[in-house]
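Me: I have a model open and would like to know what stands behind the labels people put on it. Could we go through them one at a time?

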Amino acid sequence: MQPQCYGVIGNPIGHSLSPQIHEAFSRLTGIPLFYQRISAAVSEDGADFRKTTLQFFAQGGAGLNVTAPFKDFALSFADEAAPRAQKAGAGNTLSKITDGWRADNTDGIGFVRDLERQWGRSAQNARILIYGAGGATAGILEPLLAQKPRLLWLYNRTPQKTQALAERFADDGKIAVLSSLKSLPDEPFDLIINAISARIWKDAESLWKMPTTMPDTFFYDLMYMPDDTPFLRWVKTYGKTRYCDGLGMLIEQAAESFLIWHGVFPDTTSLHSHASLIELRAFRP
Ligand code: ATR
């Protein structure tokens, strides 16, 4: 079988672990491939994203993962989009189809799979709090609400965005909007998700407020960094021990992209192993 070419486009992109993950899936499944990191310049209209993406496919590229800050552009670039990508308003997977390109979004399913399989948690009947109302939140809301949480609260510094998301996902389930960190409800949360993209440890108490929790309340940061993310550092200052960052989600969303491109769902178990996670975390551009 002739190896086909895949890649991930973003800016910055040097830190991306997608090549290692897709190459591991390639070894596990015996499907040969090339996978590269691709950078494009950031602009308001996404012109360089478009040009670079067209170039990649013109040179024989078969599929492209899309990461920040281009996920919105991926959707407008594509000629058709999977319903879950339309709903999220963003694409993270582009595939060549007969008449152009198809966008999909595997972030939401990747998150829910990691939550369930690696951490044994379900959104069903859970009381959930999400910090942040950007693209990452939009990507996970549909699969989370599909599991019928008891309550899902959203907080964001810009309240218009929280309101807009609550309206956009109104048919999927009930979302309660928090207008201020001071108005957190008294009842305890089961699952607290961070989708605020702050990468720098600064003034944590202005970003998050610890609500009422229970001993097994789980904290999930959608963001991944080689060391503790600011959210996890903040969580740890409260002595919490049940938490994770977005590395598991990254592996699972990649597996779903692999399925779209190759028709095979790779067994992700070995990538979630302690040794493999340590190796992934050790990567520096
Ligand atoms: P992503 O695709 O990672 O979700 P995004 O769509 O830019 O990126 O969303 C980033 C989220 O982090 C938003 O909820 C943003 O809040 P605003 O909607 O008010 O911009 C939040 N965020 C980022 N930096 C923040 C900061 N310093 N303080 C509070 N919220 C922040």
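Me: Which residues line the second largest pocket?

Reply: Happy to start there, with the reminder that this is a predicted model. The lining consists of Gln20, Ile21, Glu23, Ala24, Arg27, Leu28, Ser270, Leu271, Ser276, Glu279, Leu280 and Phe283. Helix H1 (18-29) and helix H11 (274-281) are the elements that give two or more residues to it. H1 gives the most, with six residues. The space in this pocket comes to about 250 Å³.

Me: What makes up the lining of the second largest pocket by class?

Reply: There are six nonpolar, three polar and three charged residues. Glu23 and Arg27 are among the lining residues, and Glu and Arg count as charged.

Me: Now the sheet. What is the order of the strands in the open sheet?

Reply: The six strands run S9-S8-S7-S10-S11-S12, with parallel pairing.

Me: Why are S9 and S12 said to stand at the edges?

Reply: Each of them, S9 and strand S12 (243-244), has a single partner strand, so one side of each has no neighbour in the sheet.

Me: How do you know that S7 and S8 pair?

Reply: Two strands need at least two bridges to count as paired. Strand S7 (residues 127-131) and S8 have five, in the parallel sense, so the condition is met. One place to look is Ile128, whose bridge partner in S8 is Leu152. Between these two strands the chain passes through helix H6 (residues 135-146), making a right-handed β-α-β crossover.

Me: How many bridges join S8 and S9?

Reply: Four, again in the parallel sense, with S9 covering residues 175-178. Leu154 has Val177 as its bridge partner in S9. The chain goes from S8 to S9 by way of helix H7 (residues 159-168), and this β-α-β crossover is right-handed too.

Me: What pairs with S7 besides S8, and over how many bridges?

Reply: Strand S10 (residues 189-194) pairs with S7 in the parallel sense over four bridges. Here the bridge partner of Tyr131 is Asn194 of S10.

Me: Why is S8 called largely enclosed?

Reply: Strand S8 spans residues 151-155, and four of its five residues are buried, so the rest of the structure largely encloses it.

Me: Which residues have the most contacts inside the largest nonpolar core?

Reply: That core has 27 residues, and those with the most contacts inside it are Phe111, Ile128, Ile130, Leu144, Leu152, Ile193 and Tyr220. Two or more residues each come from helix H5 (107-118), S7, H6, S8, H7, S10 and strand S11 (213-221). H6 supplies the largest share, five residues. In soluble globular proteins, nonpolar side chains tend to be buried together.

Me: Why is Leu144 called buried?

Reply: Buried means under 20% relative accessible area, and Leu144 has 0%, so the label applies. Leu144 sits in helix H6, where the buried residues are Thr137, Ala138, Gly139, Ile140, Leu141, Leu144 and Leu145. The C-alpha atom of Leu144 is 7.9 Å from that of Gly108, although the two residues are 36 apart along the chain.

Me: Why is Asp203 called exposed, while Asn125 is called partly exposed?

Reply: Exposed means over 50%. Asp203 has a relative accessible area of 52%, so it is exposed. Asn125 has 46%, so it is partly exposed.

Me: What is the phi of Asn125, and what is that of Asp203?

Reply: Asn125, in the loop between H5 and S7, has a positive phi near 65° without being a glycine. Asp203, in the loop between S10 and helix H8 (204-207), has a positive phi of about 50° and is not a glycine either. A further positive phi, about 60°, belongs to Lys148 just after H6.

Me: One more: how do you know that the bond from Asn11 to Pro12 is cis?

Reply: Its omega is near 0°. Pro12 is found in the loop between strand S1 (4-10) and H1. Ala68 and Pro69 are also joined by a cis peptide bond, with omega about 5°. Pro69 is in the loop between strand S3 (61-66) and helix H3 (71-77).

How values were computed. Residues are numbered from 1 along each chain as its sequence is written. This is a predicted model: local features need pLDDT of at least 70, side-chain atom pairs count only at pLDDT 80 or more; totals for chains, interfaces and linings use all residues. Side-chain values use heavy atoms; hydrogens and water are left out. On a 1 Å grid over the protein atoms alone, a cavity is a set of points where a 1.4 Å probe fits but cannot get out, and a pocket is an open set with protein on both sides within 12 Å along at least five of seven lines; lining residues have an atom within 4 Å of a point. Grid points are joined across faces, edges and corners, and a volume is the space filled by probe spheres set on the points. Buried means under 20% relative accessible area, exposed over 50%, partly exposed in between (1.4 Å probe, protein chains only). A crossover is right-handed if, with the strands pointing away from the viewer, the path from the first strand over the helix to the second runs clockwise. A nonpolar core is a set of buried Ala, Val, Leu, Ile, Met, Phe, Trp, Tyr and Cys residues joined through side-chain atoms within 4.5 Å.
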